[in-house]
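Subject: Structure for you to look at, with notes

Dear colleague,

Here is the structure I promised to pass on to you. Please open it alongside the sequence, and then read the notes that follow.

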Amino acid sequence: IQLDVSSGPDVEAAFETILADLGRVDICVNCAGIGIAEKTINRDGDPHNLDHYRKVIEVNLIGTFNISRCAAAAMARNEPDEKTEKGIIINTASIAAFDGQMGQVAYSATKGGIVGMTLPMARDLASQGIRVNTIAPSLTDTPLANQFLGNEAKKEAAEKRHPLQAVGNPDHVAQLAAFLLSDSAAFITGQIHRPDGGLSSVRTF
């Protein structure tokens, strides 16, 4: 279904279509996101473009909440399974939520917002049998990341920052999501999970 994740009517209509076609919603994994490289003021002293900032907020943060609220409403209609579970929501944040770099003021704000809403959303939905968790990976080898890596030298430099000496790949995130969707994670909700190659404990001051 092609839609604008920041549009309330688009997303509401999409979930009506999903329910009509499939009858229920069990899983929601929020991955839609964009990023820009723009400092608070540029080298000429001009302020950050406010429309660019607003667009990142709308897609990454509002979009994540918009999809989650409609997914939760659909999940709440389900009959609970033997674990009294009705559905699972997984959001995607980033290491930038905790350790944003220069030029990431917009992106980091959105990912920090996703981290911040994880626990209250999990608490909101616990009585409905819906679990909510967030994955916050470090730099992962995706088309979006390649905009910032640019070339092999930058990628090698990024790898050297990680104690595991490698940037992440999409499988690392997908396999963590699969675990969080499994019965083994039935008692895990409201948590931030960081597949970041050990950068969580690295401080460079």
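I begin with Ser-108, which counts as buried, its relative accessibility being 14%. Please bear in mind throughout that this is a predicted model. Ser-108 is placed in helix α4, and, when its neighbours within four places in sequence are left aside, Ser-108 is in contact with Ala-96, Ala-97 and Gly-100. Thr-84 stands 24 residues from Ser-108 along the chain, and the C-alpha atoms of these two are separated by 35 Å.

Next, the cores. The largest nonpolar core is made up of 24 residues, and Phe-15, Met-75, Ile-89 and Leu-125 are those with the most contacts inside it. At least two residues of this core come from each of α1 (8–22), α2 (50–75), α4 (105–126) and β3 (130–135), and the element that gives the most is α2, with seven residues. If you would like one residue to start from, Phe-15 touches Val-25, Ile-67, Cys-70, Ala-71 and Ala-74, not counting its neighbours within four places in sequence. There is also a second, separate core, this one of seven residues, including Ile-90, Leu-176, Ala-177 and Ala-185.

The packing of two helices comes next. The axes of α1 and α2 are 10 Å apart, and the two helices pack at an angle of about 30 degrees, with α1 passing α2 in a right-handed crossing. On the α1 side the residues that meet α2 are Gly-8, Val-11, Glu-12, Phe-15 and Leu-19, and their partners in α2 are Asn-66, Ile-67, Arg-69, Cys-70, Ala-71 and Ala-74. By character, the residues of this contact between α1 and α2 divide into seven nonpolar, two polar and two charged.

Asn-66 deserves a separate word. This residue lies in helix α2 and counts as buried, because its relative accessibility is 3%, under the 20% limit for that class. Leaving out residues up to four places away in sequence, Asn-66 touches Val-5, Ser-6, Ser-7, Gly-8 and Val-11.

Now to the charged pairs. How many salt bridges does a search of the whole structure find? The search finds five, and I describe some of them here. Glu-12 and Arg-69 form a salt bridge in which the closest N and O atoms are 2.8 Å apart. This pair links distant parts of the chain, since Glu-12 belongs to helix α1 and Arg-69 to helix α2, 57 residues apart. Glu-12 is partly exposed, with a relative accessible area of 37%, and Arg-69 is also partly exposed, with a relative accessible area of 33%.

A salt bridge within one helix is formed by Asp-51 and Arg-54, whose closest N and O atoms are 3.3 Å apart. Why are these two separated by about one helical turn? Asp-51 and Arg-54 are three residues apart in helix α2, and therefore about one helical turn lies between them. Asp-51 counts as exposed, at 55% relative accessibility, whereas Arg-54 is partly exposed, with a relative accessible area of 40%.

In another salt bridge the side chains of Arg-194 and Asp-196 meet, at 3.6 Å from N to O. Are its two residues buried or exposed? Arg-194 counts as partly exposed at 29% relative accessibility, while Asp-196, at 5%, counts as buried.

Last, a loop residue. Thr-40 is found in the loop between β1 (27–29) and α2, and Thr-40 counts as exposed because its relative accessibility is 55%, which is over the 50% limit for that class. Setting aside its neighbours within four places in sequence, Thr-40 is in contact with Asp-46, Pro-47, His-48 and Val-105. Thr-40 and Leu-50 are ten residues apart in sequence, and the distance between them in space, C-alpha to C-alpha, is 9.9 Å.

With best wishes

Notes
Residues are numbered from 1 along each chain as its sequence is written. This is a predicted model: local features need pLDDT of at least 70, side-chain atom pairs count only at pLDDT 80 or more; totals for chains, interfaces and linings use all residues. Side-chain values use heavy atoms; hydrogens and water are left out. A nonpolar core is a set of buried Ala, Val, Leu, Ile, Met, Phe, Trp, Tyr and Cys residues joined through side-chain atoms within 4.5 Å. Buried means under 20% relative accessible area, exposed over 50%, partly exposed in between (1.4 Å probe, protein chains only). Helices (H or I, at least four residues) and strands (E, at least two) are DSSP runs, numbered from the N terminus. Contact means heavy atoms within 4.5 Å. Axes are lines fitted to C-alpha atoms, for helices over the stretch in contact, and angles run from 0 to 180 degrees between N-to-C directions. A crossing is left-handed if the near helix is turned anticlockwise from the far one by less than a right angle, and right-handed if clockwise. Ala, Val, Leu, Ile, Met, Phe, Trp, Tyr, Cys and Pro count as nonpolar, Asp, Glu, Lys and Arg as charged, and the others, Gly among them, as polar. A salt bridge is a side-chain nitrogen of Lys or Arg within 4 Å of a carboxyl oxygen of Asp or Glu.
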